[in-house]
Amino acid sequence: MNNPCLYVISDSVGETAELVVKAASSQFNMTDFVIKRVPYVEDIATLSEVVSVAKMNNAIIGFTLVKPEMREFLIQEASKNGVEVFDIIGPLIDKIQSSYQLSPRYEPGMARKLDEDYFKKVEAIEFAVKYDDGQDFRGIKRADLVLIGVSRTSKTPLSMYLAHKSFKVANIPLVPEIAPPDELFSIPRNKCVGLIITPDKLNEIRKERLRNLGLTSQANYANFERILEELEYAEKIMKRIGCPVINVSNKAVEETADLILAMLKKERSWIG
């Protein structure tokens with residue numbers, strides 16, 4: 001008996017179909033399955049050719065073709081030649097369409113686009129980690145957005161939340177004793193967002209932070225006069241930059257992020 005042979009036809013890369021075929025073939029006690037991928041199929045002539053070769057090799061054809069006319073042609077051509085075919089993606093597309101009354105795009109390569117979106121998100125998350133809390137000022141010019149504010153104004157959680165929406169975000173703490181980086185004053189004002197908070201709320205948050213760290217709440221970090229000094233300094237910097245400012249006192253991270261995204265959508269054409 002010749003080694004079992006399976007052809008994988010796709011109108012895109014064909015990785016998804018090949019993985020499915022490999023998963024199925026792995027359930028059999030054989031290590032010599034022959035799997036041949038035929039990617040980027042765009043015409044019926046290629047389909048006919050693959051069917052002919054599959055017939056000669058007594059092979060099965062698995063396929064992911066999103067265009068109905070291509071799927072139908074392959075099924076009919078295979079039937080005429082006695083070749084077994086298996087539609088990997090078509091039945092699920094049809095089921096979704098009929099169950100939810102939705103219209104498919106019939107665009108090849110959409111799964112790969114989703115993969116690209118995923119890697120863009122991962123890149124944004126890595127960016128947020130690398131340029132968190134002013135670790136590297138070079139991120140300011142590379143970022144889609146820069147968040148500024150005093151400590152405990154949700155800069156880091158906001159950066160991560162927006163990164164999960166594929167935005168590259170850097171955040172810079174504003175401290176009276178440390179001059180802000182020059183890069184902050186050379187980027188467009190709408191690329192920067194200032195985060196402010198009421199003194200009472202910040203005092204409450206910082207005391208809780210100190211308690212969690214096992215430190216006394218009397219530390220300068222939570223001193224009310226110190227907090228007023230920091231907030232006054234931060235607001236001066238924000239006014240100098242001329243950036244939008246959001247009060248995060250009673251807002252969840254998601255609420256603040258929605259405000260930022262709405263702000264960006266209004267001011268920038270690059271967000272759809």
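This report walks through the salt bridges, a parallel sheet and a pocket of a predicted model.

**Salt bridges**

Let us start with the charged side chains. The count of salt bridges in this model comes to 14. Three of them are set side by side here, with the separation of the closest N and O atoms.

| Salt bridge | N to O distance |
|---|---|
| Asp94 and Arg71 | 2.9 Å |
| Arg138 and Asp136 | 2.7 Å |
| Arg206 and Glu230 | 2.8 Å |

Take the pair of Asp94 and Arg71, joined by a salt bridge. Asp94 belongs to helix 4 (residues 90-100) and Arg71 to helix 3 (residues 68-80), so this contact ties together parts that are 23 residues apart in sequence. How accessible is each partner? Asp94 has a relative accessibility of 34% and counts as partly exposed, while Arg71, at 8%, counts as buried.

Helix 3 also holds Pro68. With 24% relative accessibility, Pro68 counts as partly exposed. Pro68 and Gly90 are 22 residues apart in sequence, and their C-alpha atoms are 8.3 Å apart in space.

Next comes the salt bridge between Arg138 and Asp136. Arg138 counts as exposed, at 61% relative accessibility. Asp136, on the other hand, counts as buried because its relative accessibility is 16%, and buried means under 20%.

The third pair in the table is Arg206 with Glu230. Which parts of the chain does this pair link? Arg206 sits in helix 8 (residues 199-212) and Glu230 in helix 9 (residues 224-241), so the salt bridge links distant parts of the chain, 24 residues apart. Are the two residues buried or exposed? Arg206 counts as buried, with a relative accessibility of 0%, and Glu230 is buried as well, with a relative accessible area of 6%. The pair also belongs to one network, in which salt bridges that share partners join Glu177, Arg206, Arg226, Glu229 and Glu230.

**The parallel sheet**

Now for the strands. An open sheet is formed by four strands in the order 6-5-7-8, with parallel pairing. Which strands stand at the edges of this sheet? They are strand 6 (169-173) and strand 8 (245-247); each has a single partner strand, so one side of each is left without a neighbour in the sheet. From one strand to the next, the twist averages 25°.

At one of these edges, strand 8 pairs with strand 7 (residues 192-196) in the parallel sense, over three bridges. For a view at the level of residues, look at Leu195, whose bridge partner in strand 8 is Ile246. As background, strands of a sheet pair through backbone hydrogen bonds, either parallel or antiparallel.

**The second largest pocket**

Finally, a look at an open space in the model. The second largest pocket holds about 280 Å³ of space. It is lined by 17 residues, of which Pro4, Cys5, Asn57, Asn58 and Ala59 are the closest to its centre.

Where does the lining of this pocket come from? Strand 1 (5-10) and helix 2 (44-56) each supply at least two of its residues. Helix 2 gives the largest share of the lining, three residues. By residue type, the lining of the second largest pocket divides into ten nonpolar, five polar and two charged residues.

Conventions. Residues numbered from 1 in each chain as written. Predicted model: local features only at pLDDT ≥ 70, side-chain atom pairs only at ≥ 80, totals over all residues. Heavy atoms only, no water. 1 Å grid on protein atoms, 1.4 Å probe; cavity = no way out; pocket = protein on both sides within 12 Å on 5 of 7 lines; lining within 4 Å. Points joined across faces, edges and corners; volume = space filled by probe spheres on them. Nonpolar A, V, L, I, M, F, W, Y, C, P; charged D, E, K, R; others polar. Salt bridge = Lys/Arg side-chain N within 4 Å of Asp/Glu carboxyl O. Buried < 20%, exposed > 50% of the residue type's maximum accessible area, 1.4 Å probe, protein only. Pairing = 2+ DSSP bridges. Axes fitted to C-alpha atoms, helices over the stretch in contact; angles between N-to-C directions.
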